[in-house]
Amino acid sequence: MHRSWLTVLHAVFLASVAGCGTPTSPPADGKQLGEKQAPSPPVSAATAGTSLGRLDFPVTGSDECQRNFTEGMLALHSFLYDQAQLSFAAALAADPRCAMAAWGEAMAHDRAIWSHRDLTKGRAALAKVTHEHELTAKERAHLTVARALYEKAPLKEAHAAWLAAAAGMHSDYPEDDEVSLQYALSLLSLYADDPAHLRERMEAGSLALQVLARNSEHPGAAHYVIHAFDSREHAVLALPAARIYARIAPAASHALHMPSHTFTHLGMWAEVVPSNERAYAASVAWHKGVGHTPSEYDWHAQSWLVAAHVELGQHAIARKLTDEARVLLVAAQDDSSELRLDYVSMVGNYVTQTGSWAELEGMIAPVFARAFDEGSAQGQVACAMHAPGGDGSSRGPSVLYARFDAHILRAEAAIRFSDRATAIKRVADIKAVAAQMAPWQETFPTDRQARWDALTDTLLLRAQAAATPSTMTRQKAIEALGRRQQIEAAFGSAGPDMSHTLHELLGETLLAAGKPKEALTHFEQDLDQRPNRAIALLGAARAAKAADEAERSRQHYATLAQLWKHADEDLPELVEVALGAK
């Protein structure tokens, strides 16, 4: 009889931290999670160790096919989709009868957690399968699961069919690492950001932990553990995996970045920096090596690097990195949609933390420049082409999301300058971009519109309070922020949120309204959810001081002083923080 996923999760987690000291300490042996680690399988043609990790996935075909297939699977488990496709193509070229190479190519056309799939190319890859009767029963089962994934056009339906088929395969092969991880990934594809399905996320994490216990160098196992426990409440469960994932696959940019999800949830900003420095550098090296442009670099990692530097009070470095991204965005002559989206994140973090709202308009301007293919029938911004269920590849509307977020920042800037008229215009801009995203409606959570409505209502009421401050207008703004807080809390999110939080906005608004005790509550709630957040620490210290909570104020100032021990020397708040910490 198999143990329940919850029992297994508890047992494997206890094993993973055994001998590690406190949960925030790295494992004593970088190659194992605990003292009762199962021995790794022997190295063979299928398990050859590489800079992308090690796994055992034997397939029917020549030795050359097996070697390239294994490289492709290692890349696929770290979401290096382009790299995986090159390896699978090489495997198929080496042996046209190597059916699983065609399967791997198909799986690399579905970027599961990212809601980006190329239906046409995935089906075309599966059509390359030949000599299926020569395959093992397990290989045929993998093909059945892949066909379920590509049978339906709507993305949610496709991933639901994938999950059902993967669950059946796991039932037939419960001890197989690759089968278990595919089932885990199919669970995450549907439930990674759904708080109503926490059990499914925990089951995915349990499966990945079991594989990691059997093979401490499996990149997919470590990777999916981090995704499954990608929340403040569960991040400590992922910490052992986060400590080793970068060592498992040091050539994979995503493997170098993913540990910083866990580090961010735990407020370990000093570790977020090197994690993303290495991730960005690895992506640059690989993309340059295959002739790609800077638009393909890992801008997600670079945006997190900016966020970490501003948390550490290193604003000069953050500005330099942001300016470098701007130069490349302006010069881009290709699909720079992801760079555009991550650039907004960089600007938002920099301006929010430094208070440089007067610079926002100039910094954010490139986001509204015409995308390279905008207006064409097959362009990235052409909603009908790239929306789920369309004829082309299904991908998120990154350009539109970038502009949506940029307009929010512009509205925030108007509020900071008590410019209600401009704030109203920016809210209209937000609604216009939201309307452009209608073709993606089926991929949105059911409460997405309610969240957007709460956002715009709150911006308008805050703009009114800023332009005509009074007890009544401030109270309406506070109430609106509270309502939005309740809506957002019920929604949940996939991964850490780097943006200015509602607890911080409420704290700032309440403090300005002369309610320091209430403000302190929100700042401290924010710190409970996002430890060592500089804005919240400074706000909490000031609110506690205003509320005559001298010791609490000193503690928050002291924590911030420690966080900023390597901050820019000209940081305006340093003197205040140093004095407050005494």
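**Overview: a mostly buried protein.** Of the 582 residues in this protein, 56% count as buried. Keep in mind that this is a predicted model. The chain folds into 28 helices and 3 strands. Among contacts with a separation of 6 or more, 64% are between residues 24 or more positions apart.

**Close-up 1: Phe69 and Phe88, a tilted ring pair.** The structure holds 12 aromatic pairs, and here is one of them. Phe69 and Phe88 sit 5.6 Å apart, centre to centre, with 50° between their planes, which makes the pair tilted. Phe69 belongs to helix α2 (residues 63-77) and Phe88 to helix α3 (residues 81-94), so this pair ties together parts that are 19 residues apart in sequence. Phe69 counts as buried, with 0% relative accessibility. Phe88 is buried too, also at 0%. These two rings have company: ring pairs link Phe57, Phe69, Phe88 and Trp103 into a cluster.

**Close-up 2: Tyr280 and Tyr297, an edge-to-face pair.** After Phe88, which is buried at 0% relative accessibility, we turn to two tyrosines. The rings of Tyr280 and Tyr297 meet edge-to-face, 6.1 Å from centre to centre and with 80° between the planes. Tyr280 comes from helix α14 (residues 269-289), while Tyr297 comes from the loop between α14 and α15 (299-311), so the pair ties together parts that are 17 residues apart in sequence. Both Tyr280 and Tyr297 are buried.

**Close-up 3: Helices α15 and α17, side by side.** Two packed helices are described by the angle between their axes and the distance between the axes. For α15 and helix α17 (residues 337-354), the angle is about 5° and the axes are 8 Å apart. The two helices, α15 and α17, are therefore roughly parallel to each other. On the α15 side, look for Trp299, His300, Gln302, Ser303, Val306, Ala307, Val310 and Glu311; they meet Leu339, Asp342, Ser345, Met346, Asn349, Tyr350 and Gln353 of α17. Sorted by class, this contact of α15 with α17 has 7 nonpolar, 6 polar and 2 charged residues.

**Close-up 4: Gln182, a buried glutamine and its neighbours.** Gln182 is part of helix α8 (residues 177-191). Is this residue, Gln182, buried or exposed? Gln182 counts as buried because its relative accessibility is 7%, under the 20% cut-off. The Gln182 side chain makes a polar contact of 3.1 Å with the side chain of Trp162. Leaving aside residues up to four places away in sequence, Gln182 touches Trp103, Met107, His142, Val145, Trp162, Ala166 and Met169. You've already met one of these, Trp103, in the ring cluster with Phe57, Phe69 and Phe88.

**Close-up 5: Ser418 and Asn532, two loop residues with positive phi.** Most residues other than glycine have a negative phi. Ser418 isn't a glycine, yet its phi is positive, at about 55°. You'll find Ser418 in the loop between α20 (398-416) and α21 (420-436). Ser418 is partly exposed, with a relative accessible area of 39%. Asn532 isn't a glycine either, and its phi is also positive, at about 60°. Where does Asn532 lie? Asn532 is in the loop between α25 (516-529) and α26 (534-546). Like Ser418, Asn532 is partly exposed, with a relative accessible area of 25%.

Conventions: Residues numbered from 1 in each chain as written. Predicted model: local features only at pLDDT ≥ 70, side-chain atom pairs only at ≥ 80, totals over all residues. Heavy atoms only, no water. Helix = DSSP H or I, 4+ residues; strand = E, 2+ residues; numbered from the N terminus. Buried < 20%, exposed > 50% of the residue type's maximum accessible area, 1.4 Å probe, protein only. Phe/Tyr/Trp six-rings, centres within 6.5 Å; stacked < 30°, edge-to-face > 60°. Axes fitted to C-alpha atoms, helices over the stretch in contact; angles between N-to-C directions. Parallel < 35°, antiparallel > 145°, perpendicular 65-115°, else oblique. Contact = heavy atoms within 4.5 Å. Nonpolar A, V, L, I, M, F, W, Y, C, P; charged D, E, K, R; others polar. Polar contact = N/O pair within 3.5 Å; in protein donor to acceptor, adjacent residues only side chain to side chain.
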